Amino acid sequence: MSLRAEDVHRSFDHPSGAVHVLRGVDLAVEPGELVTLSGPSGSGKSALITLLCGFDQPDRGTVAVCGRSLATPPAWRLCAVLPQALGLSGELTLAENIALPLRLDPERRGEPVADAVAGLMAELGIDGLGDRYPAEVSFGQQQRTALARAVIAGPKVLLADEPTAHLDHHSAPAAVRVLRRAADAGSAVLIATHHDLVHEAADRTLVLEAGRISVE
Ligand SMILES: Nc1ncnc2c1ncn2[C@@H]1O[C@H](COP(=O)(O)OP(=O)(O)OP(=O)(O)O)[C@@H](O)[C@H]1O
Ligand SMILES: [Mg+2]
């Protein structure tokens, strides 16, 4: 099992009262599976993705990646994420952002990365932008950069939060193909999405509602 959550609870304090967003979430994603996560806006999809990649901790319950409980965010080769807010480094070019997971991996630091970066950029329709900084490209181009960064190291677990939210009908299919290929290569892929195009590429869909997961 690559990704597992058991009885995950998470509340957020707020002056108007605590918001109990996740109320006992259980899920599991196997290697090679592409699973989509749907649910109304505000249902907690992003909160859950943030917990699954170790950026946040549950109040109760456990999250495990490849059998290891998450106390801190795991290395990107284990678990890579495309957050809803993208999280690109503004001081690195698009090509440098995409190459980062390979550069940060001590076992792969010396590998040539230019061809892999160029190949992903071309496939996603952002070729020619490698030397630009995130502030110099559109939000959709930033989103495709964050997707390329998430897949480049072939992570065991790949999490993507609304990866096609800013893409048009021309660029979204390429993004979906890249995500599907990651699953076909053996990653366990979980994608929060509202897009039918992504659901159509999925092996199954989970629905988050009232703090719990149900199967569609
Ligand atoms: N830090 C926080 N403090 C207080 N409330 C929060 C915090 N983070 C999230 N929430 C609340 O948790 C709920 C879930 O938010 P989340 O962003 O996970 O929803 P979502 O399902 O991803 O929605 P969307 O489809 O719009 O992206 C919302 O009601 C939100 O207001
Ligand atoms: Mg969200």
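A pocket, in the sense used here, is an open set of grid points with protein on both sides within 12 Å along at least five of seven lines, computed over the protein atoms alone. With that in mind, and remembering that this is a predicted model, begin the tour at the largest pocket, which holds about 160 Å³ of space.

**The largest pocket**

Select Leu120, Val151, Gly154, Pro155, Val178, Arg181, Ala182, Ala185, Gly186 and Ser187, which together line the largest pocket. If you then colour by secondary structure, helix H5 (residues 172–184) stands out as the element giving the largest share of this lining, with three residues. Colouring by residue class instead divides the lining of the largest pocket into six nonpolar, three polar and one charged residues.

**Ligand 1**

Move next to ligand 1 and display its surroundings, which comprise 13 residues, the closest being Ser41, Gly42, Lys45, Ser46 and Ala47. Two backbone contacts are worth drawing as distances: a backbone N or O atom of Ala47 lies 2.8 Å from an oxygen atom of ligand 1, and a backbone N or O atom of Ser43 lies 3.2 Å from an oxygen atom of this ligand. For a side-chain contact, select Gln84, where an N or O atom of the side chain is 3.0 Å from an oxygen atom of ligand 1.

**The magnesium ion**

Keep Gln84 selected, add Ser46, and show ligand 2, a magnesium ion coordinated by Ser46 through OG and by Gln84 through OE1, at 2.0 to 2.2 Å. Tracing the chain between these two donors shows that they link distant parts of it, 38 residues apart: Ser46 belongs to helix H1 (residues 45–52), whereas Gln84 sits in the loop between strand S6 (79–82) and helix H2 (94–103). Are these residues buried or exposed? Ser46, at 26% relative accessibility, counts as partly exposed, and Gln84, with a relative accessible area of 40%, is also partly exposed.

**Two backbone angles**

For the last stop, turn to the backbone torsions, bearing in mind that most residues other than glycine have a negative phi. Select Asp7 in strand S1 (residues 3–12), where phi is near 50°, a positive value in a residue that is not glycine; Asp7 is partly exposed, with a relative accessible area of 31%. Then go to Ala210, in the loop between strand S9 (204–209) and strand S10 (212–215), which has a positive phi of about 55° although it is not a glycine. Ala210 counts as exposed because its relative accessibility is 66%, and exposed here means over 50%.

Note on methods
Residues are numbered from 1 along each chain as its sequence is written. Chains are lettered from A and ligands numbered from 1 in the order in which they are written. This is a predicted model: local features need pLDDT of at least 70, side-chain atom pairs count only at pLDDT 80 or more; totals for chains, interfaces and linings use all residues. Side-chain values use heavy atoms; hydrogens and water are left out. Donors are N, O and S atoms within 2.8 Å of the metal (3.2 Å for Na, K and Ca); water is not among the atoms, so sites may look incomplete. Helices (H or I, at least four residues) and strands (E, at least two) are DSSP runs, numbered from the N terminus. Buried means under 20% relative accessible area, exposed over 50%, partly exposed in between (1.4 Å probe, protein chains only). On a 1 Å grid over the protein atoms alone, a cavity is a set of points where a 1.4 Å probe fits but cannot get out, and a pocket is an open set with protein on both sides within 12 Å along at least five of seven lines; lining residues have an atom within 4 Å of a point. Grid points are joined across faces, edges and corners, and a volume is the space filled by probe spheres set on the points. Ala, Val, Leu, Ile, Met, Phe, Trp, Tyr, Cys and Pro count as nonpolar, Asp, Glu, Lys and Arg as charged, and the others, Gly among them, as polar. A residue is near a molecule or strand if one of its heavy atoms lies within 4 Å of it. A polar contact is a pair of N or O atoms within 3.5 Å; within protein, one must be able to donate a hydrogen and the other to accept it, and residues adjacent in sequence count only if both atoms are side-chain atoms.
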